[in-house]
Amino acid sequence: FAAMATVGYGDLVPTTEAEMLCAILVECVGVVFFGYVVATVTTMSVKSARRDAVIRENMDFVLGYMREHRLQKDLQTRIRRFYNYYYAHRPLLNVEVIMSELSSDLRAELAKTLYGYLRKTFPMLSTKP
């Protein structure tokens, strides 16, 4: 903690009580900021690693499927390129997958929450026959 909270080489030393309180405050803010930066970088790294693991698992499945069905090498290459592009430009989970796994009640509630703004924007959508 002392090394992280160091604010100088000792050439400027707080002498009054106000200066000491200010120095303590600056040290605490520095430690909190450093912790925030480390936590943010760690979170980004963990999310990236998790995403990479899911992509790797999906690609292993696709590659196994292609080998099992003895697809031509050219077709395998094109399929691999497609999935590389797909995972680089799309989210891992999409609404259709999530919606298909939910019960009908939860699906209706989620749709209402996600797309409820459309009913406000276009009143004709909220009228019932």
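In the predicted model, Tyr83 is partly exposed, its relative accessible area being 24%. Phe82 is likewise partly exposed, with a value of 47%. A total of five aromatic pairs was counted in the structure. In one of these, the ring centres of Phe82 and Tyr83 are separated by 5.1 Å and the ring planes meet at 75°; because this angle is over 60 degrees, the pair is classed as edge-to-face. Phe82 and Tyr83 also belong to one aromatic cluster, which is completed by Tyr86 and Tyr87.

Helix α2 spans residues 73-89 and includes Gln76. The relative accessible area of Gln76 is 8%; since this lies under 20%, the residue is classed as buried. When neighbours within four places in sequence are set aside, the contacts of Gln76 are with Met66 and Leu71. Met66 falls within the residue range of α1, 17-68, whereas Leu71 falls in the loop between α1 and α2.

Arg70 is located in that loop. Its backbone carries a positive phi, near 50°, in a residue other than glycine. In contrast to the buried Gln76, Arg70 is exposed, and its relative accessible area amounts to 74%; this assignment follows because the value is over 50%.

Helix α4 comprises 18 residues, numbered 104-121. The distance from its first C-alpha to its last is 25 Å, which is close to the 26 Å expected at 1.5 Å a residue. A kink of about 60° is nevertheless present in α4, and its centre is at Tyr115.

Cysteine residues were examined for disulfides, and the count was zero. Cys22 is partly exposed, with a relative accessible area of 45%. Cys28 is also partly exposed, at 37%. Both values lie between the cut-offs of 20% and 50%, and the two residues are therefore assigned to the intermediate class. The absence of disulfides means that no pair of cysteine sulfur atoms lies within 2.5 Å in the model.

How values were computed:
Residues are numbered from 1 along each chain as its sequence is written. This is a predicted model: local features need pLDDT of at least 70, side-chain atom pairs count only at pLDDT 80 or more; totals for chains, interfaces and linings use all residues. Side-chain values use heavy atoms; hydrogens and water are left out. Rings of Phe, Tyr and Trp (its six-membered ring) pair if their centres lie within 6.5 Å; planes under 30 degrees apart count as stacked, over 60 as edge-to-face and the rest as tilted. Buried means under 20% relative accessible area, exposed over 50%, partly exposed in between (1.4 Å probe, protein chains only). Helices (H or I, at least four residues) and strands (E, at least two) are DSSP runs, numbered from the N terminus. The expected span of a helix is 1.5 Å times one less than its number of residues. The bend at a residue is the angle between axes fitted to the seven residues ending there and the seven starting there. Contact means heavy atoms within 4.5 Å.
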